[in-house]
Amino acid sequence: MSRNLTNGFLTELSAKSLKPFYAIKAEFLEGSVRFWTGVGDVTINSEVFTGGGELLSVGIVEETAEIKAVGLTVTLNGLDTSVLPIALASNYQNRKFTCFLGMLDEANQVVPSVYQLFEGRMDSMTINDSADDIAISLTVESRLIDLEKPNETRFTSEEQKRLFPNDKGLDFVTDLQDKDIRWGAK
């Protein structure tokens, strides 16, 4: 699969000292949250990402040859207890989530054209609350998860009229089930 990686990104992949990082963007209804696995702030695609350092961990991003939905888990550790009410009240389900893979050059600057590694929707949030700090794990599902949901469309007159109010094509289906049709009879 083509990755559309820039020359600068490819150069850093073959450098003696490899400095990769992850960056995440969670688009909550209340506003976007952006973190990266380094220290300080960096700008990616004209947006500022706050350093989460070792407090931010990104699970394995799996890629398969078959068409299948794979998820991702992102965890923020060591959060202050004041974050708990915000996390509990946030509207996150089915909201957009993006994970990026980037490289730092020898001067610890972000190499342009950070690669979008994963995009999906936030699914569930697990909160582990201890006496001193909080860990929040966010499970993100690929948009392909929709392929596993059953199709709930029915071929009834009511469903057809809901979609197309003036269509009468399915009005006579119930009459057909009891009809005796003789093929080839004269």
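1. Let me start with K96, which is partly exposed at 38% relative accessibility. Its side chain meets that of E119 in a salt bridge, 3.6 Å from N to O. K96 lies in strand β7 (residues 96–103) and E119 in strand β8 (residues 115–129), so this pair ties together parts that are 23 residues apart in sequence. E119 also counts as partly exposed, with 22% relative accessibility. Keep in mind throughout that this is a predicted model.

2. A step back to the overall layout. The protein has four helices and nine strands. Reading from the N terminus, the elements go α-β-β-β-β-β-β-α-β-β-β-α-α. Of the 186 residues, 28% count as buried. The accessible surface comes to about 12800 Å², and 51% of that belongs to carbon and sulfur atoms. Among contacts with a separation of 6 or more, 53% are between residues 24 or more positions apart.

3. Now the charged cluster around K25. The salt-bridge count for the protein is six, and K25 takes part in a bridge with E27 at 3.7 Å, N to O. K25 also meets E47 in a salt bridge, here with an N to O distance of 2.8 Å. K25 sits in strand β1 and E47 in strand β4, so that pair ties together parts 22 residues apart in sequence. Taken together, K25, E27 and E47 are linked in a network of salt bridges.

4. Is the lysine of that network buried or exposed? K25 is buried, because its relative accessible area is 13% and the cut-off for buried is under 20%. E47 has a relative accessible area of 22% and is partly exposed. I'd look at this spot in the viewer with both side chains shown.

5. On to the strand pairing at the N-terminal end. Strands β1 and β2 (residues 31–36) run antiparallel and are joined by six bridges. A hairpin takes the chain from β1 to β2 through two residues. At one of the bridges, F28 has G31 in β2 as its partner. How does β2 run relative to β4, parallel or antiparallel? Strand β2 and strand β4 (residues 47–51) run parallel, with two bridges between them. In that pairing W36 stands opposite G51 of β4. When you check which way the side chains point, remember that in a regular strand they alternate between the two faces of the sheet.

6. Which residues have the most contacts inside the largest nonpolar core? They are I24, L72, F97, C99, M122, M125 and L138, in a core of 21 residues. The elements that give two or more residues to this core are β1, β5 (56–58), β6 (71–79), β7, β8 and β9. There is also a second, separate core of nine residues, which includes F21, W36, I44 and F49. W36 is thus a residue to look at twice: a member of the second core, and the partner standing opposite G51 in β4.

7. L72 deserves a closer look. Leaving out residues up to four places away in sequence, L72 touches V58, G59, I60, V61, F97, C99, F118, L138, T139 and V140. Several of these names should be familiar: F97, C99 and L138 are listed, together with L72, among the residues with the most contacts inside the largest core.

8. V140 makes a good companion to L72. V140 lies in strand β9 (residues 134–142) and counts as buried, at 0% relative accessibility. Beyond neighbours within four places in sequence, V140 is in contact with G71, L72, F97, F118, G120, R121, M122 and D123. F97 is 43 residues from V140 along the chain, yet their C-alpha atoms are separated by 7.2 Å.

9. Last, something on the outside. L10, L13 and L18 form a nonpolar patch on the surface, with about 250 Å² of accessible area together. Where does L18 sit? L18 is in the loop between α1 (7–13) and β1 (20–28). L18 is partly exposed, with a relative accessible area of 45%. Why can a leucine like L18 be counted in a patch at all? Patch members need over 30% relative accessible area, so L18, at 45%, meets that part of the rule.

Definitions and conventions: Residues are numbered from 1 along each chain as its sequence is written. This is a predicted model: local features need pLDDT of at least 70, side-chain atom pairs count only at pLDDT 80 or more; totals for chains, interfaces and linings use all residues. Side-chain values use heavy atoms; hydrogens and water are left out. Patches are made of residues with over 30% relative accessible area and no salt bridge: like charges are joined within 9 Å, nonpolar side chains (Val, Leu, Ile, Met, Phe, Trp, Tyr) within 5 Å. Accessible areas come from the Shrake-Rupley method with a 1.4 Å probe; for residues, only the protein chains shown count as cover. A salt bridge is a side-chain nitrogen of Lys or Arg within 4 Å of a carboxyl oxygen of Asp or Glu. Buried means under 20% relative accessible area, exposed over 50%, partly exposed in between (1.4 Å probe, protein chains only). Contact means heavy atoms within 4.5 Å. Two strands pair if DSSP finds at least two bridges between them. A nonpolar core is a set of buried Ala, Val, Leu, Ile, Met, Phe, Trp, Tyr and Cys residues joined through side-chain atoms within 4.5 Å.
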